[in-house]
Structures are given as structure tokens and as C-alpha cells.
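I opened this model to look up a few local features. My notes follow in the order in which I made them.

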Amino acid sequence: MNTHNQTLTTAFTDPDDLDNNSSPNGHLQDVMAAHMGRRQVLRSGVGALATASLGGLGLTACGGGDDDVAEAAPLLPPVLGFTAVAKDLVDRVTVPAGYTATVIYATGDSIDPTVTDYQNNGTDSNFARRSGDHHDGMHYFGLGTDGKPSLTSNTRALMAINHEAINGTVQFMHPNGQTNISASAGPRPEAEALKEVEAHGASVIEISKTAGVFGVVKASTFNRRITPRTPMVFGGPAKGSALLKTKYSADGTATRGMIGNCASGYTPWGTYLTCEENFAGFFRRGSADDTLRSAKERTAFKRIGLAQGAGGGQRWATVVPADSTSTEYARWDASKLGASTDGTDDFRNTHNTFGWVVEIDPYNPASTPVKHTALGRFAHEGAWPSNPVVGQPLAFYMGDDSRSEYVYKYVSTAVWAAADANPTDRLATGAKYLDNGTLFAAKFNADGTGTWLKLDLSNTAISGNSAYSFADLADVLVNARLAADAAGATKCDRPEWTAVNPRNGEIYITMTENPDRGSVGTTSSNNNSNPDVDAAFPRYWLDNKGVSTQNATASVSKGNVNGQVMRMRETGSLASATTFNWDIYLFASQATADIGLDNVNYQANVNLSGLTSVNDLSKPDGCWFSKASGILWIETDDNAYTDVTNCMLLAAVPGSYGDGGKITVTNQANGKPGTAGTGPVVVDTFAGKKMNDTIFRRFLTAPLGSEVTGVAESPDGKALFINIQHPGENTAPANIGDPTKYESHWPGNGAGVAAYGPGSSSARPRSATVMVTKNDGGVIGL
Ligand code: FEO
Ligand code: CA
Ligand code: CA
Ligand code: CA
């Protein structure tokens with residue numbers, strides 16, 4: 001989700017900036033043997049031999065059963081083999097020497113031979129058969145020549161791609177920007193709203209490789225857009241709950257579509273997981289709705305950040321549809337409007353039908369997506385599976401990306417069966433693993449251990465909770481944040497992506513930033529108290545843009561400004577473990593953050609990972625392991641270091657838990673910037689091994705205004721795909737008529753890629769999927 005430059009005024013407040021949490025919560029070989037079991041170690045042994053003989057390439061296409069790829073990661077750490085790219089402020093994509101970046105799928109692209117090519121002038125319609133906007137998480141689903149799933153196909157695939165939002169770029173979808181968007185204006189035009197609604201959701205598109213380059217197969221019968229209008233059903237304990245009943249689904253078993261689909265995941269049975277993040281901002285609520293709602297409803301609304309009087313980000317609820325019987329737009333209003341006692345005559349519960357993990361079968365375009373309620377409802381960033389082990393439960397690791405929210409995991413009741421890797425009914429297999437299980441939230445202890453707190457009524461902290469009396473398990477899952485509050489989960493600095501190391505099962509979690517961390521007082525958005533620095537989030541500092549020193553002036557950024565990447569090892573390396581160990585794999589920072597600063601300006605506590613000009617970064621968001629190379633790819637969605645560089649993609653050698661050690665962090669400025677003598681606040685923490693230029697390098701920089709997100713690869717690792725989201729998002733809507741005032745013209749400008757689509761140097765900017773290949777045909781990054 002966007003992290004807009006906060007000095008700019010936009011019509012849409014970035015939902016990521018919200019804090020709605022008012023709770024008071026504050027070995028490798030052995031590991032592999034324990035985790036993987038004999039058969040997998042044997043396979044990895046084969047992989048190690050292959051690695052040795054093939055000069056560092058992993059074994060991924062061994063051609064056996066469908067579980068081979070998941071099991072056969074390279075045994076040896078990757079050796080980065082490219083020259084780092086420099087930080088960049090130009091409106092272009094840069095990649096290392098010897099690499100090529102190619103756009104393959106951009107906002108508005110037709111996925112249907114009967115739909116016109118994109119003109120990119122605001123006149124295009126029918127986004128139900130075009131690429132949506134704001135490409136985000138994605139996954140490569142190999143497709144065999146027989147049209148069936150293949151984990152070894154390097155030339156043909158179905159790519160599932162999220163379309164998260166339209167914030168900051170919606171003006172480019174209409175000839176002259178949005179009509180009636182201000183809060184006091186009349187109804188939004190239906191045609192504009194329809195286009196905007198359908199620009200959300202996800203794409204499933206067939207891609208095929210010809211002469212070394214992947215392209216979209218426009219006529220493929222697999223091509224599909226899933227939008228906020230696509231019928232979906234619920235699975236799991238909250239299916240049929242009173243909390244999910246609406247005029248659309250009186251029995252609470254279905255809803256229309258999905259929204260805010262941010263990061264993603266996949267399942268070992270070949271389906272796509274797409275996660276609804278910032279759903280709350282899309283809904284309207286009447287200015288006196290609180291007076292009509294129960295105390296529990298009011299508490300629940302507050303916890304997701306949907307206050308009475310909210311207008312709904314794009315004001316879709318104001319549309320007066322031509323078909324007066326349609327509820328397509330009325331369902332964006334979460335007010336109590338009807339007389340019923342159960343909400344089946346209005347959309348007072350509509351918000352409860354969003355904020356879930358959605359499963360899509362990419363291989364069956366006619367299939368109905370499923371929202372799996374057992375995985376809980378919150379601002380889901382992604383959902384990444386544990387490495388499947390036969391006879392063991394599966395875990396899915398999930399971040400709730402908002403300030404001071406939590407890390408979650410879901411553990412299946414069913415244990416993994418190898419036969420389920422290639423089932424005849426993929427969504428039935430999804431029901432088996434994703435509709436029966438247990439949700440947990442993470443507590444990070446100061447001694448480097450951690451606890452997974454059970455979120456159900458068997459936990460007396462939840463069943464006996466006085467702040468919100470949970471009626472049943474459905475209530476716990478719909479209001480997972482409230483349950484995690486009661487359980488005592490640890491407030492985190494915006495947990496975004498999770499990634500699982502295919503080599504050893506360790507979990508990496510990006511924590512993108514938190515300006516409230518360590519700061520005195522309460523957040524600006526409400527009266528929630530700010531979290532103190534603690535062992536898991538030990539840094540508080542100050543940062544000014546555009547100057548070489550930091551100080552406590554009014555324009556300063558503070559708190560955990562640049563974020564970090566956490567690492568966890570489950571006890572016994574078991575997905576079902578209820579305890580874990582953690583360390584901080586990476587402290588994001590400017591390389592020069594601590595240089596030349598005095599005891600008044602505090603900073604000697606920031607660049608704890610020893611970053612340099614080839615790898616310094618701010619606000620890690622995406623993190624993802626290549627199974628082909630073993631590289632941990634890290635992507636940024638930044639607005640703090642953007643005075644120096646655009647967002648970026650970096651390659652890291654992951655190491656393993658415990659490869660660093662205990663360190664002491666001295667925060668001179670804790671809580672009181674500019675007030676001498678209030679510090680220091682000293683916190684012990686557990687850091688991963690320090691970085692250096694050999695194991696951590698910048699691989700790609702992005703166009704102006706964009707973030708880098710979504711990452712996927714062909715199984716041979718020779719094509720890496722990333723998404724460029726919202727180039728040009730800082731363009732003022734009033735400037736839509738003057739291309740010289742657009743922040744970005746990418747990719748039409750052909751900067752760092754072949755010019756893509758109409759418009760050239762005057763083009764309206766577009767989000768896009770970019771394929772990166774190595775000119776010698778090698779594995780990316782090695
Ligand atoms: Fe959609 Fe948290 O990024
Ligand atoms: Ca994200
Ligand atoms: Ca983000
Ligand atoms: Ca963003």
C-alpha cells in the first residue's frame with residue numbers, strides 16, 4: 001500500500017499510516033535434518049551435488065513428483081554474481097550490467113482479443129477484461145503443454161497478479177481525473193466508479209516464452225480478471241456467521257469480490273492466495289451510525305479504523321446506478337439503514353466480508369474464489385506457507401500491515417499428504433487444509449524467544465476478555481485484532497511480507513516502519529498510546545529529508561524510520577510449534593545515518609547492520625526466496641529515503657538464525673526529541689550477522705513515485721518477475737491536463753525498458769509487471 005510523501009496533499013489518506021490498536025500490549029544441518037526428514041535431506045544432498053557440478057545453480061527441475069520443487073532447494077548459500085546498481089532518482093528502471101528488464105503486463109492491457117488495445121488517455125473502459133492497476137503480489141503457476149499444472153515448466157505459465165489499489169494514480173484512468181470526488185460533491189458517475197472498482201482485484205494471465213522473452217497470450221482461455229464484483233464464497237468457522245449476513249447473502253455464506261489485495265502466497269496444492277489489506281477505507285458510514293450500533297459493533301469498527309462519518313475513499317457508495325435494483329454501489333456503505341435485526345436488508349455487515357485471505361484456482365477460470373475465515377480477518381499483507389513436510393501440519397505466516405499491529409500464523413489441523421500436491425479438485429484440497437486449523441498471534445519476548453498465542457475461546461485471556469465479549473470462534477476470527485489484543489500479542493512496526501527459507505524453514509518478516517515507535521504521547525489518528533522501544537523493535541531515531549544531518553526540527557521523521565527484517569526459527573523447526581526464537585536479520589538504514597552526529601543529535605543507534613552505499617535501503621516491504629538460487633529478494637516501498645533514491649530491489653544471502661548475537665542499542669533520544677538529558681534508553685536485542693557488500697547488494701531501482709513489489713520466477717530461475725506499482729503517484733490530480741507536470745511517464749517513456757504502450761515521453765504512467773533476464777541466459781542474481 002502507498003506510503004505517500006506526507007508533505008503532499010492527496011484526496012486519499014494512506015490507510016497504512018493508521019494505528020487502530022489501542023490495546024496495552026506491549027545449527028543449520030541439524031535444523032535441516034530435523035525439519036526436512038530423511039527423504040528431503042537426501043533430495044537436498046542431490047541438490048548439493050548438482051550445485052557443485054553446475055556452478056551454483058540449484059536443483060529445481062528434477063522432473064519427479066509435484067513436491068520436488070518445494071523440497072529441493074540449493075543446500076549451499078548463493079554467491080551473488082552481479083555488480084550493484086547505484087541509488088537513482090531518475091524516472092527509469094535500472095538493472096545491473098548484463099541484465100535486461102522487459103515490461104510484459106501494464107495497467108489497462110487487454111487480456112481478450114475482442115477488447116481494444118489500451119489507449120492510455122483516460123477513455124478506455126471494460127477493466128473486467130483489462131489489467132487492473134497497482135500490480136502487487138504475484139505467483140508463477142507453471143503450465144504444461146497438456147494445459148495442466150507443471151512445476152517444471154519454464155516456458156509457459158499462468159501468472160496470478162494482485163491489483164491492490166488506485167490511490168494516487170486514479171486520475172490517469174479518466175480523461176480529466178475523477179468527477180465528484182470531494183466529500184461535499186454529488187454522486188460519482190457510475191461509469192467512472194465501475195472502471196475504478198474493476199481496476200482492483202487480481203489477474204490470472206497466461207504467459208509464454210518465445211525467443212527468451214515471456215509475453216502475455218492474449219487469446220488464452222485461462223485469462224481471467226477477478227474483481228470486487230466477482231462472486232465469492234466463505235469457508236471455515238465464520239461461514240454462515242451472523243457477522244457476515246448481508247442483503248447480498250442472507251445466510252452469510254457469500255460475498256461479492258475482494259478489495260485491497262496486497263501481497264500474496266500460494267499453496268502446495270497449486271492455488272493462489274491473495275490477501276485483502278486496506279479494506280476499511282473503501283466504506284462509507286453515516287455520520288450518526290454509532291448511535292444505531294451496539295457497543296461491540298462500535299468497538300469492532302474502531303479496531304479496523306472505520307469511523308462513523310467516513311466517506312469511503314472513492315465515494316462509490318454515492319453512485320446512483322442506472323439499474324435501480326442494483327446493490328453494486330450500496331454495498332460500499334456499512335451504515336445500518338434497514339429495520340431488520342440481522343442485517344439482511346442492508347449492508348451494515350459488508351465490511352466484515354472483506355479483510356480475508358482469498359484462495360483462487362488459477363487453472364480453472366470458472367472456479368469460485370474462497371475466503372478462508374480460519375486465517376482471520378485483518379489488514380492482510382500476505383500468507384506464506386511453511387515448507388510442507390509429509391505427516392506434519394502446514395503453517396501459513398501472515399503480517400497485519402498497520403502501525404503497531406501483529407504477526408499471525410495459521411496451523412492446519414490436517415497433516416500434509418504428498419498425494420495432495422497434485423489433486424483433482426484443488427479447492428476441495430484448500431478446504432481440507434485452510435478451513436480447519438488454529439490461528440495464533442506472535443509475542444516476541446525480550447530474551448530472544450517468542451510465543452505463539454492461540455486465538456480461540458480455549459484461551460482464557462480471550463474467553464474471559466472484558467473489553468470485547470467474544471460470542472464464538474467466528475467472532476474471534478472476524479475480529480482477530482481484538483482477540484490478539486486480549487491474548488497479549490506484541491505490537492510490531494507494520495508487519496508486511498513473510499517469507500520462508502526453502503533451505504531451513506526459517507521465517508523472515510519485513511517490518512516496514514513505525515513513526516510511533518518510542519515516541520512520547522499518542523498517535524495523531526487517535527488516542528492510542530505509542531509503543532516503547534523494546535527488544536524486538538529497539539531503535540528510535542530522527543531523520544530529516546534533503547539535509548545531511550539529523551536534528552529535532554519540526555519536519556523531522558522519527559521512530560523506526562526505515563524499518564527492519566525479523567527472522568524466526570520455530571522450535572524444533574516445526575510448523576506446529578507454539579514457541580520460536582527470533583533475531584533481527586536486517587536493520588534498514590541510510591549508510592550514513594550515524595556519521596558525524598553528536599550527542600545532541602543522538603544517532604549512534606541506526607546503521608546496526610553496517611550498510612554501505614551498495615545496499616542501504618529504507619522501508620523493506622516485499623521479501624521472497626528464490627527456490628532456484630536461494631537468494632532472499634527484498635523490495636522497498638519507501639517515502640523516507642526518497643530524497644536520495646527511488647525504491648529498489650535488493651538481493652541478500654539469508655544466513656541463518658543466530659548467526660549474529662546479542663547487541664546493546666543506546667537510544668539517546670527515546671521519546672523526547674530535542675530534550676537534552678532524557679536518555680539514554682538502552683535496549684538489548686538480538687541481531688543477525690552484519691551485512692557486507694558480498695552478501696547484500698542493490699539489484700534494481702524503480703521509476704519515480706513507484707514502489708517495487710510482487711516477485712516471482714520461472715522454476716529454472718532464469719526469468720525473475722517483479723511489479724512496479726504506482727509510478728507517478730505524486731502527480732497532483734489537477735495536473736492531469738498537463739503531461740509536463742506528471743511525476744512519471746514510465747513505461748511509455750522507454751526508460752530502462754523498451755518503450756511500452758502509447759504516449760512515449762508524454763505517456764500517462766502505468767503500473768507494470770517487469771521480467772528481468774540475464775543476457776547470457778543464466779540464473780538471476782548469481
Ligand atoms: Fe499493501 Fe502493506 O502494503
Ligand atoms: Ca506491500
Ligand atoms: Ca507498503
Ligand atoms: Ca506504496
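I began with charges over rings. The charged end of Arg697 sits over the ring of Phe82, 5.8 Å from the ring centre. My criterion puts NZ of Lys or CZ of Arg within 6 Å of the ring centre and within 35 degrees of the ring normal. I also noted Lys371, which lies over the face of Phe354 at 4.2 Å from the ring centre.

Before going further I wrote down the conventions. This is a predicted model, where local features need pLDDT of at least 70, side-chain atom pairs count only at pLDDT 80 or more, and totals for chains, interfaces and linings use all residues. Residues are numbered from 1 along each chain as its sequence is written, chains are lettered from A and ligands numbered from 1 in the order in which they are written, and side-chain values use heavy atoms, with hydrogens and water left out.

Next, the calcium ions. Which residues coordinate the calcium ion (ligand 2)? I found Glu381 (OE), Glu496 (OE) and Asp621 (OD), with Asp621 (OD) listed twice, at 2.2 to 2.9 Å. Donors here are N, O and S atoms within 2.8 Å of the metal, or 3.2 Å for Na, K and Ca; water is not among the atoms, so sites may look incomplete. The spacing of the donor residues in sequence is E-x114-E-x124-D. Glu381 is in the loop between strand 12 (370–372) and strand 13 (384–385), and Glu496 is in strand 20, so this pair ties together parts 115 residues apart in sequence. I take strands as DSSP runs of E, at least two residues, numbered from the N terminus. Both Glu381 and Glu496 are buried, meaning under 20% relative accessible area with a 1.4 Å probe, protein chains only.

I then checked the calcium ion (ligand 3). Its protein donors are Glu496 (OE), listed twice, Asp621 (OD) and Asp637 (OD), lying 2.4 to 3.0 Å from the ion. Their spacing along the chain reads E-x124-D-x15-D. Glu496 bridges ligand 3 and ligand 2, the two calcium ions lying 3.6 Å apart. Asp637 is buried too.

Last, the aromatic rings. I counted 31 aromatic pairs in the structure, taking rings of Phe, Tyr and Trp (its six-membered ring) with centres within 6.5 Å. Tyr118 and Phe127 have ring centres 6.2 Å apart and planes at 85°, so I logged them as edge-to-face, the label for planes over 60 degrees apart. Tyr118 counts as buried at 10% relative accessibility, and Phe127 at 1%. One aromatic cluster is formed by Tyr397, Phe444, Trp452, Phe580, Trp582 and Phe686.

Methods. Buried < 20%, exposed > 50% of the residue type's maximum accessible area, 1.4 Å probe, protein only. Helix = DSSP H or I, 4+ residues; strand = E, 2+ residues; numbered from the N terminus. Phe/Tyr/Trp six-rings, centres within 6.5 Å; stacked < 30°, edge-to-face > 60°.
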